[in-house]
Amino acid sequence: MTHPTYTQQALCRYNLPRLKRTAAELGVTPTGDKTQRQTWVNAIITHQSAQLQKVDNQALAQAELDHYIATQAQAVAPEPLRIVEISFSYHEYYADDKLIASISHDDNHLTQRWVVMVNDKELFRANILMRCHRFICTHYKDGTLPVQEQLATLCTTENQIMAHIFNECQNYGFKILDNGIYNNNGVKLGQVGCTDGNWWVIQGYSSQQQYSNSVFDAMRSLSMVDTSLAEPADEYLQYRPLEQLSSNELQQLLSAEVANCEQLLNLSFEQLTAQNWQRLREPVTA
């Protein structure tokens, strides 16, 4: 039951019978001369102060309990790990900004190709990515995951940059090869990178590096490259595994090689480099 709070000034205006009724309602029994109004006033004020202090103590205790529960909950169930997808075959797991583990794909294994690595050592291997994911989360939660020695900041930063570029290429349907970014028709659009925190873009086969505000602006710039006058996709085909090429693409690549060799034959002796000589020595059949 909640009772009103009486001020000293208000109580002083009450007569003795009313003070006694108020005290009875609050459950107050004064000590001293009960024939004096001030005795009852002092008893009521003292009782109210004690009740307010009790409420304050309960609120403080509840706040401390809430904080303890939240702390324990965080210890038992930490924040979800952040996953950075560097490529399809390589993922890094972070707690806050610290690398704790990675998952890589082992093409040489017949069945269990997904591997959990910490400090460049294999901890777990499975046939599907999700089992490796569950292994990392479970052992990180119970504290049995080995402590990952933090890589150099430069290495981590480069991985994050590549992850940003890879994700944006996926959004546009582009492909990343060793020498640049290509559209789905095999036409080279250019390159995107980040140096000292500054994003840049090179369009097409140009060597001119242009400043960009972000990876999003850089990729949007590549998406607007005019490909109507782009060079043939022979260079793009050279970076794809042969088993992934169609018969038409194989013929296109072979024809381009023949044409290049014919161009080399028209060069004078002093214009040929060692690499040119090697290409001329290799047999090519159309």
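The following exchange goes through some labels used for this predicted model and the values behind them.

Trainee: Why is Ala163 called buried?

Mentor: Its relative accessible area is 4%, and buried means under 20%, so the label applies. Ala163 is found in helix H5, residues 153-172.

Trainee: What is Ala163 in contact with, leaving aside its neighbours within four places in sequence?

Mentor: Val84, Glu85 and Ile86. Contact requires heavy atoms within 4.5 Å. The C-alpha atoms of Ala163 and His91 are separated by 9.4 Å, and these two residues are 72 apart along the chain.

Trainee: What makes the pair of Phe124 and Phe135 stacked?

Mentor: Ring centres must lie within 6.5 Å, and planes under 30 degrees apart count as stacked. For Phe124 and Phe135 the centres are 4.6 Å apart and the planes are at 5°, so both conditions are met. Phe124 lies in strand S5 and Phe135 in helix H4, so the pair ties together parts that are eleven residues apart in sequence.

Trainee: Are Phe124 and Phe135 buried or exposed?

Mentor: Phe135 has a relative accessible area of 16% and is buried. Phe124 has 26% and is partly exposed, because the partly exposed class runs between 20% and 50%.

Trainee: How do you know that Tyr172 and Phe174 are stacked?

Mentor: By the cut-offs of 6.5 Å and 30 degrees. The pair of Tyr172 and Phe174 has 5.4 Å centre to centre and 15° between the planes. Phe174 counts as buried at 14% relative accessibility, while Tyr172 is partly exposed at 34%.

Trainee: What puts Cys132, Phe135 and Ile136, the buried residues of H4, on the same side of the helix?

Mentor: They cover an arc of only 95° around the axis, which puts them on the same side of H4. An α-helix has 3.6 residues a turn, so residues three or four places apart point the same way. The buried residues of H4 pack against strands S2, S3, S4 and S5.

Trainee: Why is the charged end of Arg18 said to sit over the ring of Tyr14?

Mentor: The distance to the ring centre is 3.8 Å, and the rule asks for CZ of Arg within 6 Å of the centre and within 35 degrees of the ring normal. Arg82 sits likewise over the ring of Tyr94, with its charged end 4.8 Å from the centre.

Trainee: Why are S7 and S8 said to pair?

Mentor: Pairing needs at least two bridges, and S7 and S8 have two, in the antiparallel sense. Tyr182 stands opposite Lys188 in S8. S8 and S9 pair in the antiparallel sense over six bridges.

Terms used. Residues are numbered from 1 along each chain as its sequence is written. This is a predicted model: local features need pLDDT of at least 70, side-chain atom pairs count only at pLDDT 80 or more; totals for chains, interfaces and linings use all residues. Side-chain values use heavy atoms; hydrogens and water are left out. Helices (H or I, at least four residues) and strands (E, at least two) are DSSP runs, numbered from the N terminus. The arc is that of the directions from the helix axis to the C-beta atoms. Buried means under 20% relative accessible area, exposed over 50%, partly exposed in between (1.4 Å probe, protein chains only). Rings of Phe, Tyr and Trp (its six-membered ring) pair if their centres lie within 6.5 Å; planes under 30 degrees apart count as stacked, over 60 as edge-to-face and the rest as tilted.
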